[in-house]
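User: I'd like a close look at one helix in this model and at what surrounds it. Could you walk me through it in one go?

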Amino acid sequence: MEEKKNFTNAEPLALAEELVRILYQKGATDIQLFAAGEDSSLTDYHLIATGRSSTHVKSLGDDLDYEMGERGVNARSVEGKSGGSWILLDYITVIVHIFDAASREFYRLERLQDPANKIDITSVIESAKQN
């Protein structure tokens, strides 16, 4: 059995990239990562992803929570698990938002982010495709 890398003391960007990898491998789409910017004291990164349905959104949240636990990192809090349209997982340095398509379109969290803070995750996605 493959041993999972421990992310307990990982740098925030390394943690964010691992979250991206997991979400991609579990079928999330339109994954976007943003640096929170200098004026945010809440977190370092915002990660936004979309699931195909409410069941898929719940599954993504559960799988991400489980996979990160296997890597030594537990979410400080998980919100919205019962609804299935928007789940938020707070990993302190990275806040993950998983939406169904309709909720993502409605809330459009990307518009609240500075486009200059968008992180290019192409290489992360490419490495996830290899595994």
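Which residues are exposed on the other side of H2?

Analyst: Happy to. On that other side of H2, Thr55 and Tyr66 are exposed. Please keep in mind that this is a predicted model. The protein averages a pLDDT of 94, and 98% of the residues score at least 70. Confidence is lowest in helix H4 (residues 122-130), with a mean of 93, and highest in strand E4 (residues 86-90), at 98.

Let's begin with the helix itself. H2 is made of 17 residues and reaches 24 Å from its first C-alpha to its last, close to the 24 Å expected at 1.5 Å a residue. Its buried residues are His56, Val57, Leu60, Gly61, Leu64, Glu67 and Met68. Seen down the axis of H2, these buried residues fall within an arc of 145 degrees, so they line one face of the helix. The cover over them includes H1, E2, E4 and E5. After H2 comes Gly72, with a positive phi near 85 degrees.

Now to what the buried face joins. In soluble globular proteins, nonpolar side chains tend to be buried together. Here the largest nonpolar core has 29 residues, and those with the most contacts inside it are Leu23, Leu64, Tyr91 and Val96. Helix H2 (54-70) is among the elements that give two or more residues to this core, together with helix H1 (12-25), strand E1 (29-35), strand E2 (45-51), E4, strand E5 (94-100) and H4. The largest share, six residues, comes from H1.

Since H1 is part of the cover on H2, it deserves a look of its own. The 14 residues of H1 should span 20 Å at 1.5 Å a residue, and its end C-alpha atoms are 20 Å apart, which agrees. Buried in H1 are Pro12, Leu15, Ala16, Glu18, Leu19, Val20, Ile22 and Leu23. The cover over them includes E1, E2, H2, E5 and H4. Just after H1, Gly27 takes a positive phi of about 95 degrees.

Two residues with many partners show how H2 is held in this setting. Take Leu23: leaving aside neighbours within four places in sequence, Leu23 is in contact with Ala28, Ile31, Leu47, Ala49, Leu60, Leu64, Val96 and Ile98. Of those partners, Leu60 and Leu64 are listed among the buried residues of H2.

The second is Tyr91, in the loop between E4 and E5. At 4% relative accessibility, Tyr91 counts as buried. Not counting residues up to four places away in sequence, Tyr91 touches Leu15, Leu19, Leu64, Asp65, Met68, Val73, Asn74, Ala75 and Val96. Leu64 and Met68 in that list are buried residues of H2, while Leu15 and Leu19 are buried residues of H1. The C-alpha atoms of Tyr91 and Ile22, which are 69 residues apart along the chain, are separated by 14 Å.

Right beside Tyr91 in sequence is Ile92, which also lies in the loop between E4 and E5. Ile92 is not a glycine, yet it has a positive phi of about 70 degrees. With a relative accessible area of 45%, Ile92 is partly exposed.

To finish, follow E4, another part of the cover on H2, to its aromatic residue Trp86. A search of the whole structure finds four aromatic pairs. In one of them, the rings of Trp86 and Tyr107 have their centres 4.7 Å apart and their planes at 50 degrees, so the pair is tilted. Trp86 lies in strand E4 and Tyr107 in helix H3 (residues 101-107), so the pair ties together parts that are 21 residues apart in sequence. Both rings belong to partly exposed residues, at a relative accessible area of 26% for Trp86 and 36% for Tyr107. Trp86, Phe99, Phe106 and Tyr107 form one aromatic cluster.

Helix H3 also holds Ser103, which counts as buried at 11% relative accessibility. Beyond residues up to four places away in sequence, Ser103 touches Ser85 and Arg108. Arg108 lies in the loop between H3 and strand E6 (118-119). Its phi is near 40 degrees, a positive value in a residue other than glycine, and Arg108 is partly exposed, with a relative accessible area of 40%.

Definitions and conventions: Residues are numbered from 1 along each chain as its sequence is written. This is a predicted model: local features need pLDDT of at least 70, side-chain atom pairs count only at pLDDT 80 or more; totals for chains, interfaces and linings use all residues. Side-chain values use heavy atoms; hydrogens and water are left out. pLDDT is the predictor's confidence in each residue, from 0 to 100. Helices (H or I, at least four residues) and strands (E, at least two) are DSSP runs, numbered from the N terminus. A nonpolar core is a set of buried Ala, Val, Leu, Ile, Met, Phe, Trp, Tyr and Cys residues joined through side-chain atoms within 4.5 Å. Buried means under 20% relative accessible area, exposed over 50%, partly exposed in between (1.4 Å probe, protein chains only). Contact means heavy atoms within 4.5 Å. Rings of Phe, Tyr and Trp (its six-membered ring) pair if their centres lie within 6.5 Å; planes under 30 degrees apart count as stacked, over 60 as edge-to-face and the rest as tilted. The expected span of a helix is 1.5 Å times one less than its number of residues. The arc is that of the directions from the helix axis to the C-beta atoms.
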